[in-house]
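Trainee: I would like to go through this structure step by step. Could we begin with the secondary structure and then turn to how the parts meet?

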Amino acid sequence: MLDPQQRSGHYGAEISLQSRPMTTQEITPAIAAGQWEEALAIVALHRDKSAYAELFRYFAPRLRAFGIKMFGNEQQAMEMVQDTMLNVWQKAALFDASRGCASTWIFTIARNVRFDMLRKKQSRKDDISADDLWADGDYPEQEDNQSQQWDVHLVAEKVAPHFHALPPAQRLVMEKVYLDELSHQEVSEQLGIPLGTVKSRIRLALDRLREAIDGPRS
Amino acid sequence: MAHVVKYHPSISLLEQYSEGTLAPELCLIVAAHLDFCPHCQTLHRDIEADLGCDLAMQKAPLADGSQWEQMLDQILSAEPVPRDVLSKQQALHSADNKPGGVSELLVGAHRFTVPRSLQRIVAKRNKWLTLGGISTAKLPGSEENHLSLLCIETDTEVPLHTHKGLEITLVLAGEMVDEMGHYAAGDLIINTPDHTHTPKNIAAEPCLCLSVLTAPLEFKQGLTRLLNPLQRFFY
């Protein structure tokens, strides 16, 4: 499993970093299912520097782009990248694939790092810290039966007018599931997104529709 | 928890919470709502998964060049955190009692359980001020958003009031009613300046709430709806 040849076979050639042309052109990511989750597990188990380097080369520039969006400047964005990626290196053992994707875990670390950076700047970190606000995914798993109940209601025609108001990513998934009648797995394969993300988007879209139909209080 | 939470933050508010772009005091009240509400916990996790996917699918230049190599080397030279330290940290994080926090709150003769997200800030409360069955204690907030605890005794009515900003209330224990509804632990109530209301405690137990008052706002039509459509998940 640790043989790099075998690993790159597992990940698929298109994402092997060694074989990437060294240009600065923008690349559209193609992620093999389970790729980064496996890399994190290898880092956690064996302190494997090459597996970490692959994670780093993939996520660090994306975190930088995210940071620039959030902070509006490069310097703080890079500080956030470094702190986040250091956490990924040191705390990989805390990653739990049963709770979500590697990218979700890395996103939550970056969000928390950013929140605490901003608080520290205002010398107010001690009042409310990221630790208080986000429970790190340790809420118990919920029964996933609510969405099922709502599937029936969805057929109702009154939902249709609200469809266009869904965010594009959620609408696309909803169309594939409810209009094209594809399975969640088929949608995942067709769109190249994780199965968990398909389910997430459906739940979010259902809630949005419910919000649209229930209407305001006043 | 026997009570089913009925009043929830809107998805838009949950999204800003999950992103971490919401003001810290508002983040805190949403976090405390999540401590009570399995449904919003699931939505929050779904939103996080979506944001994580956005991060992974984002286009970005390759991480080549000396700046990235330097950062990589620096990180790899850091000592890994030993596994037992990590599991201790994790245990602390998910413990019922947060370090530096209080898990119980005493108001007069009443004892309340403090949800996890509020344990540290409740430890920093100012002293209680009591006036005719209503007690309040300020918590550290900001200039824009005032945070406080509010305890309403049985058969007590909060005088009719309006506010120039938003008033966001989370019921932490007990029950209360106003002109618009009946609220219990976990319910999140958002009032805009055009709502005048008189919350009352008509139950046998005192009612403890967390309240955020925002600075005066310019209001747009439909803002309340955006923040709190008062969806009912269970009919």
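**Two chains, part by part**

Mentor: The secondary structure of chain B comes to seven helices and twelve strands. Keep in mind that this is a predicted model.

Trainee: How many helices and strands does chain A have?
Mentor: From the N terminus on, the elements of chain A run α-α-α-α-α-α-α-α-α-α-α. No β appears in that run. The count for chain A is therefore eleven helices and zero strands.

Trainee: What share of the residues in chain B is buried?
Mentor: A residue counts as buried if 20 or more other C-beta atoms lie within 10 Å of its own. In chain A, with 218 residues, buried residues make up 37%. For the 235 residues of chain B the share is 40%.

Trainee: Among contacts in chain B with a separation of 6 or more, what percentage joins residues 24 or more positions apart?
Mentor: Take chain A as a start: there, residues 24 or more positions apart account for 52% of the contacts with a separation of 6 or more. For chain B, the corresponding figure is 64%.

Trainee: In what order do the six strands of the open sheet in chain B run?
Mentor: Start from the edges, β3 (129–131) and β10 (188–191) of chain B, each of which pairs on one side only. β4 (residues 134–139) pairs with β5 of chain B over six bridges, β5(B) pairs with β12(B) over eight, and β12 (residues 207–214) pairs with β7 (residues 167–173) of chain B over six. The pairing is antiparallel, and the order is β3-β4-β5-β12-β7-β10.

Trainee: By how many degrees are neighbouring strands of this sheet turned against each other on average?
Mentor: Strands of a sheet pair through backbone hydrogen bonds, either parallel or antiparallel. The angle here is taken with direction ignored. On average, it is 25°.

Trainee: Which residue of β12(B) is the bridge partner of B:His146?
Mentor: Two other pairs show how such partners are named: B:Thr136 has B:Leu150 in β5(B) as its bridge partner, and B:Ala173 stands opposite B:Leu208 in β12(B). For B:His146, the partner in β12(B) is B:Leu213.

Trainee: How many residues does the hairpin between β8(B) and β9(B) pass through?
Mentor: β8 (residues 175–178) and β9 (residues 181–184) of chain B pair in the antiparallel sense over four bridges. B:Met176 stands opposite B:Tyr183 in β9(B). Another hairpin joins β4(B) to β5(B) through five residues. Between β8(B) and β9(B), the number is two.

Trainee: At about what angle to β12(B) does helix α2 of chain B run?
Mentor: Helix α2 (residues 24–36) lies across β5 (145–152), β7, β10 and β12 of chain B. Its angle to β12(B) is about 150°.

Trainee: Which helix gives the most to the largest nonpolar core?
Mentor: In soluble globular proteins, nonpolar side chains tend to be buried together. This core has 106 residues, and A:Leu55, A:Ile106, B:Ile29, B:Val30 and B:Val171 touch the most other members. At least three residues come from each of domain 1 (4–133) and domain 2 (146–213) of chain A. The helix that gives the most, with ten residues, is α3 (residues 49–71) of chain A.

Trainee: Are α5(A) and α3(B) roughly parallel or roughly perpendicular?
Mentor: The axes of α5 (residues 102–121) of chain A and α3 (residues 38–57) of chain B come within 7 Å and cross at roughly 95°. The contact includes A:Ile106 and A:Phe107 of α5(A), and B:Leu51 and B:Leu55 of α3(B). Angles of 65 to 115 degrees count as roughly perpendicular, so α5(A) and α3(B) are roughly perpendicular.

Trainee: Is B:Asp155 buried or exposed?
Mentor: B:Asp155 lies in the loop between β5 and β6 (156–157) of chain B, and has a positive phi of about 60° although it is not a glycine. There are 11 other C-beta atoms within 10 Å of B:Asp155. A residue with 12 or fewer counts as exposed, so B:Asp155 is exposed.

Definitions and conventions: Residues are numbered from 1 along each chain as its sequence is written. Chains are lettered from A and ligands numbered from 1 in the order in which they are written. This is a predicted model: local features need pLDDT of at least 70, side-chain atom pairs count only at pLDDT 80 or more; totals for chains, interfaces and linings use all residues. Two residues are in contact if their C-beta atoms, placed from the backbone, lie within 7 Å. Two strands pair if DSSP finds at least two bridges between them. Axes are lines fitted to C-alpha atoms, for helices over the stretch in contact, and angles run from 0 to 180 degrees between N-to-C directions. A nonpolar core is a set of buried Ala, Val, Leu, Ile, Met, Phe, Trp, Tyr and Cys residues joined through C-beta atoms within 7 Å. Domain bounds come from an automatic or database domain assignment. Angles under 35 degrees count as roughly parallel, over 145 as roughly antiparallel, 65 to 115 as roughly perpendicular and the rest as oblique.
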